[in-house]
Amino acid sequence: MSIATSSDLFDHRSLAEAPRELHQPVTRADRIYRAVTTGAAFTSLIVMGLIALFLIIQAIPAFRVAGWKFFTEFEWRPDDVPVKFGIGSMLYGTVVISFIGLIIAVPISIGTALFVNEYAPRRLQRGLITLIDLLAAVPSLIFGLWGLYYLQPRMVGVAEFLSNNFGFIPIFKTNEIYSSSLFIAGVVVALMIIPIIASISRAVLSEVPRSYCEAALALGGTRSGVVSTVLLPHSKSGLVGASMLGLGRALGETIAIALILSFDYTVSPRILQPGGANIAGTIALRFGEALETGKSALAAAGLTLFALTLLVNLFARTIVNRSK
């Protein structure tokens with residue numbers, strides 16, 4: 001008779017406790033679904049690559065003429081003699097408009113997200129979420145027309161107040177004309193990106209475990225204390241990512257800016273006076289009348305905006321993924 005040793009018992013016990021591998025059969029429907037989703041993903045990448053390739057090919061003649069001065073030159077005369085063009089003034093206007101939009105939009109968006117998640121009655125939450133998502137889908141042309149005919153006349157008083165009371169600050173110095181300015185364009189852009197930032201911020205705030213909030217309340221914390229010490233610190237990376245995604249939308253805004261802004265290619269720190277330009281608006285306004293060199297220059301400007309927007313969105317996506 002054989003006697004089982006302790007090592008034999010240990011081996012049998014190890015085999016009994018070892019996890020078993022589950023093999024699920026891959027059906028035909030699974031293979032089709034995987035192929036369709038993979039194809040859709042690669043199609044998006046291919047389209048992006050083809051757009052970039054087209055812009056590069058079209059922009060090569062302009063880069064050959066202007067060289068690196070294309071990024072620092074402020075004048076825009078690609079079809080005149082002598083040829084002189086660059087996107088320095090347009091880059092400045094694009095950044096200023098986007099910055100004004102973010103300063104206005106971020107606090108309002110985060111406040112809206114907090115109200116919807118934490119303070120709004122339950123019966124109103126679903127309707128408010130739907131309304132925010134619908135506002136994000138409103139075409140920019142509607143915002144541009146509304147900003148041109150309704151908002152701009154009413155913003156003149158605000159611009160005049162800033163000039164009269166804060167004129168000692170260089171950016172608020174101006175003459176008596178307050179319309180068609182970078183400031184009003186930035187306000188319109190802010191209203192356009194508020195729904196985007198608010199929607200993403202609301203989703204990020206909703207990911208905070210409710211047990212953290214309930215624990216803070218159980219320890220005697222107030223609702224405002226929970227917001228400032230639990231919700232906002234826990235969601236900081238996601239809120240920054242939402243703001244960056246809104247910035248990506250602001251950088252590429254076209255029609256609304258083209259309708260409101262009085263385009264000239266000068267750089268001035270005074271944001272309340274008429275004038276200024278951005279890249280997307282210049283492409284929309286100048287493409288129809290541009291000659292060969294002008295079209296190549298506009299393609300180069302579009303390539304610059306494409307790369308800038310892509311970098312901003314990739315940075316935002318990285319921050320959002322880290323927040324998870």
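## A walk from one salt bridge to the whole chain

Start by selecting Glu75, which counts as partly exposed at 33% relative accessibility. Before going further, keep in mind that you are looking at a predicted model.

Now add Arg77 to the selection. Its side chain forms a salt bridge with that of Glu75, with 2.9 Å from N to O. Arg77 is partly exposed too, at a relative accessible area of 25%. Which residue joins Glu75 and Arg77 in a network of salt bridges? Select Lys84, and you have the three linked residues on screen.

How many salt bridges does the structure hold? The total is four, so there is more to visit, given that a salt bridge here needs a side-chain nitrogen of Lys or Arg within 4 Å of a carboxyl oxygen of Asp or Glu.

Next, jump along the chain to Arg249 and Glu253. Their side chains meet in a salt bridge at 3.7 Å, N to O. Is Glu253 buried or exposed? Glu253 is buried, because its relative accessible area of 5% falls under the 20% cut-off. Arg249, on the other side of the pair, has 25% relative accessibility and counts as partly exposed.

Move on to Arg286 and Glu289, another salt bridge, this one at 3.2 Å from N to O. Here Arg286 is partly exposed, with 28% relative accessibility. Glu289 is exposed, because its 53% lies over the 50% mark.

While the charged groups are on your mind, select every Lys, Arg, Asp and Glu. The protein chain carries 25 positive and 19 negative side chains. The centres of these two sets are 4 Å apart.

Time to zoom out and switch to a cartoon view. You should find 12 helices and two strands. Follow them from the N terminus: two helices lead into the two strands, and helices make up the rest of the order.

With the whole protein chain in view, try rotating it onto its principal axes. The C-alpha atoms fill a box of roughly 110 × 55 × 35 Å. The radius of gyration is 27 Å, whereas a compact globule of 324 residues would have one near 20 Å.

Finally, turn on the surface. The protein chain exposes about 19,200 Å², with carbon and sulfur atoms supplying 65% of that area. Of the 324 residues, 40% count as buried. For a last look inside, show the contacts: among those with a separation of 6 or more, 72% come from residues 24 or more positions apart.

Technical notes:
Residues are numbered from 1 along each chain as its sequence is written. This is a predicted model: local features need pLDDT of at least 70, side-chain atom pairs count only at pLDDT 80 or more; totals for chains, interfaces and linings use all residues. Side-chain values use heavy atoms; hydrogens and water are left out. Helices (H or I, at least four residues) and strands (E, at least two) are DSSP runs, numbered from the N terminus. The radius of gyration is taken over C-alpha atoms; the globule rule is 2.2 Å times the number of residues to the power 0.38. Buried means under 20% relative accessible area, exposed over 50%, partly exposed in between (1.4 Å probe, protein chains only). Contact means heavy atoms within 4.5 Å. Accessible areas come from the Shrake-Rupley method with a 1.4 Å probe; for residues, only the protein chains shown count as cover. Lys and Arg count as positive and Asp and Glu as negative; His and the chain ends are not counted. The place of a charge is taken as NZ of Lys, CZ of Arg, CG of Asp or CD of Glu.
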